[in-house]
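Colleague: Got a minute to walk me through this one? I'd like to go over the surface, the ligand and a few loops.

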Amino acid sequence: MVSFPEVWPLSPIATWLAIIAITYVLMYQYSARKLDAKEPVVVSSAVPFIGHLLGMALHGGKYTKNLGIRNRNLPVFTLPVPGSRIYVVTEPSLAAAVQRASKALSFTPIIPEVTERVLGLDKATMEITRKNLDPGPGDERGFLADIQDMVYAYFGPGNYLNEISLNAARELKSEVVAIAVSQEARCNPDLPIDLLAWVRHLVTISTAKYFYGPQNPISLDPKLEECFWDFDHGLGKLLMNLCPSVTASKAYKGRELLVKALEKYLENGHHKTGSKIVQKRVEVALQHGWTLRATARSELSFLFAGIVNATTSTFWILLQIFADPRLRSTVREEIIQIITPDEKDPHCENYQLSITNLKDRCPVLVAVYRECLRLGSDTYSMRMVRENTILADRYFLKKGAVVQIAGGVIHADRSIWGENVEEFDPSRFLEHKQQSGNTKPNQIHPAAFRAFGGGKTLCPGRHFAMNEILSLVSLVVLMFDIEAPGGGKINVPRKNDGVLPVHILEPISPVEVLISRRRDKYAEICSNVQFSM
Ligand SMILES: *[C@@H]1O[C@H](CO)[C@@H](O)[C@H](O)[C@H]1NC(C)=O
């Protein structure tokens, strides 16, 4: 029994409350201390130690983003978490410094941890994956180093990039034309359609075809398309890895069905009729001793990379273009003026659309593309701190901690993008006429545009993605009209930022639209257009 002296002024309950309050203050102060005088400012949570992790689990990506926006004056700050730290970088030049310090701040140690959980890779495969992660010159090269080099080389500017971009554009065109025709045959053309679902289907089946060939698992079994999106939508839960077959059952089931189908695809040698890059990826995995089952899991990650961002970006781009009739006319005009008759065709019945011209001579289309990526990508570029480091001669970073460059905060920074940072305004990416009459692009720090990451994690598929998305958007803009079901302006919902941002964010609510085939000359031309580079 605890007994209290008579002079003690507080009741037992008040005493216990006081003890709890003091303990809390001490714990709070302890959790808020810096490990080093140069450590970035510590932003502590109301619940000491675990508060930030709770916040991230409950609110997804917007938790850290909101902390960053509230602490706008701090270019980097520290989030204390049990046993470690997260350093959140919110300023472009500091982001560039993180990217340059690629030896001490490395992404590679994170890859095995993430892929093991998300793809469900087995122990033996993980052992192979963890070998020689970051080889120096002359060292033996591990699987990840080999496969990354290969993917960067194939998707870098050159013949293969042109070849696969044209294949993608051709495949997308045949799907778009098929949809146009089927829409004509449908009894009720006034039925509203979920725009995101429409784009999803189009991109999913086309991507599966141009990467994996005619015998790809989704062509053979269309049910797998739904499995794919179940997998995508449960990625955050798979990553948490708390008995995923129960806590992420839909995603887990979808993934395993896809993996089984991909394994069969590989067993049957169907990848030999797929793209060169897929054939090469399979070859590299087998060389490093991966089993077919594990290789199937790795291919699921490639299919994922090919589909998800292309889908969601295309959705936002189409939505923004069709929600603004003036923008829609401008973009249509831009595309029409680069469609040219095929010179080799004496009767002028064939037309060409050059993907290079889409990028070089359609400035508004390109600006819409960039602005949709800016608004839609809230993702974090992550790095592991491999040794105690002083970043940019100023900030101490503790070994074992994680650095996150907060794309969502940088993309929402008024001082970079202007007062209307929250609005969709493609003109911020257009060259502005200066008073002097010279044209000069807006001065934006190169590391401020985070949609493709940066440094060692700069997306290898960025050129391909742009080629593909611009091709698809131009086909849809010329061949279809997209309208609000009740007439008037199409409503553009805000993005759902309450999830773990693994790709361009989806809208918070579905967008129902009427999609109808256009009847003018250019819509007709478009169904026969030949893409060129
Ligand atoms: C998709 O885009 C986001 C945001 O730009 C990026 O962080 C992510 O790495 C991309 N994912 C893939 C698989 O390319």
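Modeller: Sure. One cut-off up front: a residue counts as buried under 20% relative accessible area, exposed over 50%, and partly exposed in between. Also keep in mind that this is a predicted model.

Colleague: OK, so with that cut-off, is Leu 58 buried or exposed?

Modeller: Leu 58 counts as exposed because its relative accessibility is 64%, and over 50% is what that takes. You'll find Leu 58 in helix H2, residues 51-59.

Colleague: Which residues make the nonpolar surface patch there?

Modeller: Val 47, Ile 50, Leu 54 and Leu 58 make the patch, with an area of about 370 Å².

Colleague: Switching to the ligand. Which residues are around the ligand?

Modeller: Ala 305, Asn 309, Ser 377, Thr 379, Ala 451, Val 502 and His 503. Sorted by class, that shell has 3 nonpolar and 4 polar residues, and no charged ones.

Colleague: And what are the distances to the ligand's oxygen atoms?

Modeller: For Asn 309, a polar side-chain atom sits 2.5 Å from a ligand oxygen. With Thr 379, an N or O atom of the side chain is 2.7 Å from an oxygen of the ligand. Ala 451 uses its backbone instead: a polar atom there is 2.5 Å from a ligand oxygen.

Colleague: How much of the ligand's area does the protein bury?

Modeller: The protein buries 72% of the 360 Å² that the ligand exposes when taken alone.

Colleague: Now the loops. Where is Arg 428, and is Arg 428 buried or exposed?

Modeller: Arg 428 is in the loop between helix H21 (414-417) and strand E11 (432-433). Its relative accessible area is 6%, so Arg 428 is buried.

Colleague: What does the side chain of Arg 428 have a polar contact with?

Modeller: The side chain of Asn 420, at 3.0 Å.

Colleague: What about Gln 215, where is that one?

Modeller: Another loop, between helix H9 (195-212) and helix H10 (217-220). Gln 215 has a relative accessible area of 30%, so it is partly exposed. Its C-alpha atom is 18 Å from that of Ile 307, and the two residues are 92 apart along the chain.

Colleague: Last one: which residues of helix H5 are buried?

Modeller: H5 covers residues 110-119, and its buried residues are Ile 110, Ile 111, Pro 112, Glu 116, Val 118 and Leu 119.

Colleague: And what follows H5?

Modeller: Gly 120, with a positive phi near 70 degrees.

Notes. Residues are numbered from 1 along each chain as its sequence is written. This is a predicted model: local features need pLDDT of at least 70, side-chain atom pairs count only at pLDDT 80 or more; totals for chains, interfaces and linings use all residues. Side-chain values use heavy atoms; hydrogens and water are left out. Buried means under 20% relative accessible area, exposed over 50%, partly exposed in between (1.4 Å probe, protein chains only). Helices (H or I, at least four residues) and strands (E, at least two) are DSSP runs, numbered from the N terminus. A residue is near a molecule or strand if one of its heavy atoms lies within 4 Å of it. A polar contact is a pair of N or O atoms within 3.5 Å; within protein, one must be able to donate a hydrogen and the other to accept it, and residues adjacent in sequence count only if both atoms are side-chain atoms. Accessible areas come from the Shrake-Rupley method with a 1.4 Å probe; for residues, only the protein chains shown count as cover. Ala, Val, Leu, Ile, Met, Phe, Trp, Tyr, Cys and Pro count as nonpolar, Asp, Glu, Lys and Arg as charged, and the others, Gly among them, as polar. Patches are made of residues with over 30% relative accessible area and no salt bridge: like charges are joined within 9 Å, nonpolar side chains (Val, Leu, Ile, Met, Phe, Trp, Tyr) within 5 Å. A salt bridge is a side-chain nitrogen of Lys or Arg within 4 Å of a carboxyl oxygen of Asp or Glu.
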